[in-house]
Amino acid sequence: MLKYIQMGKNVKKLFLSLTAVMLFVAVVVSLCGCSLYYHFQVSEDGKYHYGVGKKDAMFLCYEWDGTQQACAFEIPDTFSRVPVTQLGGWVGRGVPSPFGVRFPYEYNALSKRDLDDTEFLASQFPEGYEIQKLVFTVRLGKNVKNLEYLDECIYYQEGSDAPTVLIVPELYFECSEENKTFYSEDGVLYMRKTDAPAEWNYQTS
């Protein structure tokens, strides 16, 4: 009799252990599933890339056509019937998708941090190089409240006349007066609550 009672207790312990494991797995899966919440989507004109979820969306990048006239773009209040609340982030199964300007295919990219490595630049461009800034005006919609992931690339074209021109994109922000999180001054975003400059959670290296 005692043997059967002990077996019953063991079965009960096993059941409770399995239940705990199943609950743990369910929590882990739900947390990992957060990265599946957003999926890639492109605007009808092909210029704007988004990560779209059930309740909100993130603005990922702007496809620049290479002309001076196109050095301005707008972060809309909504896309695909949900508010655009974030710049950059992770899409699909955790694909890093920083916010920024995507240059035409004929351009090559380097990290902005390479500008501090003069030895590397001298070896990369033995015929010389020069640095030029290119300002992009970004009109920020009223619903953006999170600066998640910023692209920090510079660009150049191979085979161009020496010295090679290294183009450094700079973002000049204009913010909607209805935005409750940010405001802009001289192209810089500030936090409304603290008046401190807004910071990005992550930046590409």
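These legends walk through close-up views of a predicted model.

**View 1. How confident the predictor is along the chain.** Before looking at details, it helps to know how far to trust them. The protein chain has a mean pLDDT of 86, with 81% of its residues at 70 or more. Residues 2-35 are where to take care: pLDDT stays under 50 there, and the model has four contacts beyond four places in sequence for this stretch.

**View 2. The largest nonpolar core.** Here you can find a core of 34 residues. F59, W64, F73, I75, L87, F99 and F103 are the residues with the most contacts inside this core. Several strands feed into the core: β2 (48-52), β3 (57-63), β6 (82-87), β11 (129-140) and β15 (164-175) each supply at least two residues. The largest share, four residues, is from β11. As background, nonpolar side chains in soluble globular proteins tend to be buried together.

**View 3. F103 and its partners.** Zoom in on F103, one of the residues with the most contacts inside the largest core. Setting aside neighbours within four places in sequence, F103 touches W64, L134, F136, Y155, I167 and P169 by the contact criterion. W64 is also listed among the residues with the most contacts inside that core.

**View 4. Another nonpolar core.** Apart from the largest core lies another one, made up of seven residues. Its members include F125, I154, Y156 and L166.

**View 5. The largest pocket.** About 430 Å³ of space lies in this pocket. Its lining has 20 residues, and K112, L150, E152, L171 and W200 are the closest to the pocket centre. If you would like to trace the lining by strand, β9 (100-102), β14 (153-156), β15 and β17 (188-191) each contribute at least two residues, and β15 gives the largest share, with four. By class, the lining comprises 13 nonpolar, three polar and four charged residues.

**View 6. The second largest pocket.** This pocket holds about 180 Å³ of space. Around it you will find F40, H49, L60, C61, P96, S97, P98, F99, G100, V101, R102 and D151. F99 may look familiar, as it is also among the residues with the most contacts inside the largest core. Two or more lining residues come from each of β3, β8 (95-97) and β9, and β9 gives the most, with three. Sorted by class, the lining has seven nonpolar, three polar and two charged residues.

Methods:
Residues numbered from 1 in each chain as written. Predicted model: local features only at pLDDT ≥ 70, side-chain atom pairs only at ≥ 80, totals over all residues. Heavy atoms only, no water. Core = buried A, V, L, I, M, F, W, Y, C linked by side-chain atoms within 4.5 Å. Buried < 20%, exposed > 50% of the residue type's maximum accessible area, 1.4 Å probe, protein only. Contact = heavy atoms within 4.5 Å. 1 Å grid on protein atoms, 1.4 Å probe; cavity = no way out; pocket = protein on both sides within 12 Å on 5 of 7 lines; lining within 4 Å. Points joined across faces, edges and corners; volume = space filled by probe spheres on them. Nonpolar A, V, L, I, M, F, W, Y, C, P; charged D, E, K, R; others polar. pLDDT = per-residue confidence, 0-100.
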